[in-house]
Amino acid sequence: MNTIQKSIFPTSTEASKNVAKEISLLIKTNNNAGKQTILGLATGSTPLELYKELVNIHKNQGLSFRNVITFNLDEYYPMNPEDRNSYVHFMNKHLFDYIDIDKDNIHIPDGSVSEDNIDEYCETYEQTIRACGGIDIQLLGIGRSGHVGFNEPGSTRLTRTRLVKLGQITRNDAAPMFSGVEHVPKQAITMGIRSILDTKKIYLLAWGKSKAAIVKKALTDKVTDKIPATFLQEHKNTTVFLDKEAASELVQEQLT
Ligand code: PGA
């Protein structure tokens with residue numbers, strides 16, 4: 001049954017502040033109980049305001065990330081972690097450099113692992129998540145192809161962390177960052193649909209008119225691997241945070 005909750009805000013800023021509040025509450029509660037918090041993190045333009053707000057909460061309210069463990073969804077392949085287009089660089093620049101997280105608690109798929117070792121590497125990534133007790137909150141953006149993480153159309157509900165080919169829509173959307181589509185890597189390492197559905201709570205975020213059509217499909221189409229985000233309808237604890245524009249193609253009865 002589709003039990004996705006929708007939470008709609010006038011602007012992405014207000015939505016992001018609310019997501020940040022939810023995350024910080026969980027971290028605070030766990031910190032007070034001497035427990036770790038396991039976060040699944042996403043990259044792209046969507047979570048930027050959220051990360052900014054988490055940094056604010058750390059600075060102004062003293063929220064500590066010492067007991068937080070993070071797993072990023074994906075990384076381009078091949079990709080040198082030092083490259084300015086790597087998701088390692090992105091995460092440091094937008095979040096990790098400004099909070100008190102222990103660098104040993106950060107996990108981002110390694111785009112420099114040799115092709116011979118990728119399967120084993122991906123299996124270890126999954127095992128590390130399991131060894132931490134699973135992900136408490138998984139953040140997701142959504143691509144115009146309907147991907148979550150880099151699970152492009154054709155990704156089944158059984159997929160786990162693996163090497164994938166990137167589709168043309170995704171590579172075109174990334175082209176400005178790479179100064180031309182010809183420089184966008186053709187592959188990526190991504191957590192799978194199964195890895196995402198195994199997480200305890202999911203927050204899918206989408207802003208702007210360009211996401212309205214795919215948001216509507218993700219929330220209301222029949223579940224299909226042609227639109228991997230539809231698999232979220234099978235997850236028991238997913239909330240979609242939208243701004244007005246991203247929600248604009250949903251009609252009234254689809255908003256509740
Ligand atoms: P975006 O990408 O946040 O840059 O829109 C989202 C995604 O492709 O998952």
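1. Helices (H or I, at least four residues) and strands (E, at least two) are DSSP runs here, numbered from the N terminus. With that in hand, labels such as H5 and S8 are easy to follow, and we can start with a loop: Ser179 sits between helix H5 (168-174) and strand S8 (187-190). Keep in mind throughout that this is a predicted model.

2. What is the sign of phi at Ser179, positive or negative? The value is positive, near 55 degrees, and the residue is not a glycine. Most residues other than glycine have a negative phi, and most peptide bonds are trans.

3. The other backbone spot to look at is the peptide bond between Tyr77 and Pro78, which is cis, with omega at about -10 degrees. Pro78 belongs to the loop that runs between S4 and H3.

4. Now for the ligand. Which residues surround it? They are Gly44, Ser45 and Thr46, then Gly141, Ile142 and Gly143, and also His147 and Lys211. By class, this shell comes to one nonpolar, six polar and one charged residue.

5. Oxygen atoms of the ligand have some polar partners worth clicking on. A polar side-chain atom of Thr46 is 2.5 Å from a ligand oxygen. In Lys211, a side-chain N or O atom is 2.6 Å from an oxygen of the ligand. With Ser45 the backbone takes part: one of its N or O atoms is 3.0 Å from a ligand oxygen. As for cover, the ligand taken alone exposes 280 Å², and the protein buries 73% of that.

6. Where does the ligand sit? The space it takes is the largest pocket. That pocket holds about 820 Å³ of space. It is lined by 36 residues, and those closest to its centre are Thr43, Gly44, Ser45, Tyr76 and Tyr87. Gly44 and Ser45 also turn up among the residues around the ligand.

7. Which elements give two or more residues to that lining? Strand S4 (74-77), helix H3 (87-94) and helix H5 (168-174) do. H3 gives the most, with five residues. The lining as a whole is made of 15 nonpolar, 15 polar and six charged residues.

8. There is also a second largest pocket, with about 160 Å³ of space. Its lining is Val88, Asn92, Phe96, Lys103, Ile106, His107, Ile108, Tyr121, Thr124, Tyr125 and Thr128. By class they divide into six nonpolar, four polar and one charged.

9. Which elements supply at least two residues each to the lining of the second largest pocket? H3 does, along with strand S5 (106-107) and helix H4 (118-131). H4 has the largest share, four residues. H3 is worth a second look, as it supplies residues to this lining and also to that of the largest pocket.

Technical notes: Residues are numbered from 1 along each chain as its sequence is written. This is a predicted model: local features need pLDDT of at least 70, side-chain atom pairs count only at pLDDT 80 or more; totals for chains, interfaces and linings use all residues. Side-chain values use heavy atoms; hydrogens and water are left out. A residue is near a molecule or strand if one of its heavy atoms lies within 4 Å of it. A polar contact is a pair of N or O atoms within 3.5 Å; within protein, one must be able to donate a hydrogen and the other to accept it, and residues adjacent in sequence count only if both atoms are side-chain atoms. Accessible areas come from the Shrake-Rupley method with a 1.4 Å probe; for residues, only the protein chains shown count as cover. On a 1 Å grid over the protein atoms alone, a cavity is a set of points where a 1.4 Å probe fits but cannot get out, and a pocket is an open set with protein on both sides within 12 Å along at least five of seven lines; lining residues have an atom within 4 Å of a point. A molecule sits in a cavity or pocket if more than half of its atoms lie within 2 Å of its grid points. Ala, Val, Leu, Ile, Met, Phe, Trp, Tyr, Cys and Pro count as nonpolar, Asp, Glu, Lys and Arg as charged, and the others, Gly among them, as polar. Grid points are joined across faces, edges and corners, and a volume is the space filled by probe spheres set on the points.
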